[in-house]
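Okay, thanks for coming, everyone. I'll put the structure up on the screen and then we can walk through it piece by piece.

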Amino acid sequence: MGSRDNPLVLVADHRINYRAQIVSSLMGQGFRTAEAFNGEHCLTRVQTLSPGAVLLGARMPVTDGFQACRAIRALPQGRDLPVFILSDTDDPQLRKEAEQAGANALLAEPLDLQELGARIRGEVPVESPAEKERAEDTKTRLENNIVEIGRWEWDVGNDRFAATAECNQIIELASAKTISSFDDFIGFVPEIERPTVRSWIQNSISTGEPDYLGHHIETPDRCLKYVLAHVKPGVDASGKTVILRGAIQDITRLRNGNASIGRLANYDALTGLPNRKYFEETLRRELLATVRR
């Protein structure tokens, strides 16, 4: 968590350039920083890093800022953690939703980054030695359970593919076997998700922009795992993508745990029936869907 003077701030947003702008400003103000690219990744980092404060983009994919805030509040280390949701509109309904999710505040963009730093510093609680020791112990135990990231590289023009041992380990590929082409690699994605993953990768190749996606893989023993995937194109002088570098991280257990957290947040533990939070969230989504139609 760190002291009040240099707390660790976790910045979670899917907009890479926007996230980098916030991180750069906070570092210039003396904060330590860490980043997350969506809500699920943020929950992973809250549990492994024990930050002093969290900034959540309201419209993140996979798990948005409001859902992520509820899940953070359900964690033991997240009950009193300063959490701010960043929104591109100053909407009273969104402010109410942020309050219901347990956020300290909803901050409307464009942000005054100096004022943001002062706000964060004022919200970070003074940490006792006992609390610091417990946080470090939790961090160490959780970090010991983190799965290594598997990396791969694809020569797009020549269809030459190479994967690290960690990548093969996540896929549970026998040591004697190798993945020799991109089609071999994509073959481990369940057929129903394959078009989505192919489209996602093709979009990254076409735009030359890095991107993230959560999807399943199926091991040779037909075991389903959920991974966070990242791709980063390498371009030539003309801007054409010639190399695609990627990484996958198995977050199956974490995702299952987050589903349990979501159930605890939205269902009554005694009766098993949906609670008020679940009702309000469902009503909000239905109203939004009606407006869009």
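Let's start at C42. Leaving aside residues up to four places away in sequence, C42 touches L10, A12, A36, V54, L56 and I72. Keep in mind as we go that this is a predicted model.

C42 belongs to the largest nonpolar core, which has 27 residues. Which of those touch the most other members? That would be C42, V46, V54, L56, F66, I72 and I85. The elements giving two or more residues to this core are β1 (8-12), β2 (32-36), α2 (39-49), β3 (53-57), α3, β4 and α4 (92-101). And α3 gives the most, with five residues. As general background, nonpolar side chains in soluble globular proteins tend to be buried together. There's also another core, apart from this one, with 23 residues, including I186, F188, V227 and L244. I'll come back to that end of the chain.

Before that, have a look at A98, which sits in helix α4. Buried or exposed? A98 has a relative accessibility of 1%, and the cut-off for buried is under 20%, so A98 counts as buried. If you skip residues up to four places away in sequence, A98 touches F66, I85, A103 and L106. Take I85 from that list: A98 and I85 are 13 residues apart in sequence, and their C-alphas are 7.0 Å apart in space.

For contrast, go to P76. It's in the loop between α3 (65-73) and β4 (83-87). Here the relative accessible area is 60%, and the cut-off for exposed is over 50%, so P76 is exposed. From P76 to Q47 you count 29 residues in sequence, and the C-alpha to C-alpha distance is 9.3 Å.

Next up is helix α5, residues 113-123. The buried residues here include L113, L116, G117 and I120. Looking down the axis of α5, the buried residues fall within an arc of 100°, so they line one face of the helix. The general rule behind that kind of pattern is that an α-helix has 3.6 residues a turn, so residues three or four places apart point the same way. On the other side of α5 you find Q114, E115 and G122, which are exposed. What covers the buried residues? Among the elements doing that are β1, α1 (16-28), β3, β4 and β5 (105-108). And the N-terminal end of α5 has a cap: D112 puts a side-chain oxygen 3.2 Å from the backbone nitrogen of Q114.

Okay, on to the sheet further along the chain. What order do the strands come in? Five strands form an open sheet, in the order β7-β6-β10-β9-β8, and the pairing is antiparallel. β7 (160-163) and β8 (211-218) are at the edges with a single partner strand each, so one side of each has no neighbour in the sheet. On average, neighbouring strands in this sheet are turned by 25° against each other, ignoring direction.

Let's zoom in on two of those pairings. β8 and β9 pair in the antiparallel sense over eight bridges, and H216 has Y226 in β9 as its bridge partner. These two strands form a hairpin with five residues between them, and R222 in the turn has a positive phi of about 65°.

Then β9 (residues 224-235) pairs with β10 (residues 241-250), again antiparallel, over nine bridges. Who pairs with whom in β10? K232 has R245 as its bridge partner, and H230 has A247. This hairpin also has five residues between the strands, and G239 takes a positive phi near 90°.

One last residue, S204, in helix α9 (residues 194-207). Its relative accessible area is 1%, so S204 is buried. Not counting residues up to four places away in sequence, S204 touches E209, P210, V231, P233, T241 and L244. You'll remember L244 from that second core.

Let me finish with the chain as a whole. How many helices and strands does the chain have? There are 11 helices and 10 strands. Of the 293 residues, 43% count as buried. And if you take contacts between residues at least 6 apart in sequence, 55% of them join residues at least 24 apart.

That's it from me, happy to go back to any part of the model.

How values were computed
Residues are numbered from 1 along each chain as its sequence is written. This is a predicted model: local features need pLDDT of at least 70, side-chain atom pairs count only at pLDDT 80 or more; totals for chains, interfaces and linings use all residues. Side-chain values use heavy atoms; hydrogens and water are left out. Helices (H or I, at least four residues) and strands (E, at least two) are DSSP runs, numbered from the N terminus. Buried means under 20% relative accessible area, exposed over 50%, partly exposed in between (1.4 Å probe, protein chains only). A nonpolar core is a set of buried Ala, Val, Leu, Ile, Met, Phe, Trp, Tyr and Cys residues joined through side-chain atoms within 4.5 Å. Contact means heavy atoms within 4.5 Å. The arc is that of the directions from the helix axis to the C-beta atoms. A polar contact is a pair of N or O atoms within 3.5 Å; within protein, one must be able to donate a hydrogen and the other to accept it, and residues adjacent in sequence count only if both atoms are side-chain atoms. Two strands pair if DSSP finds at least two bridges between them. Axes are lines fitted to C-alpha atoms, for helices over the stretch in contact, and angles run from 0 to 180 degrees between N-to-C directions.
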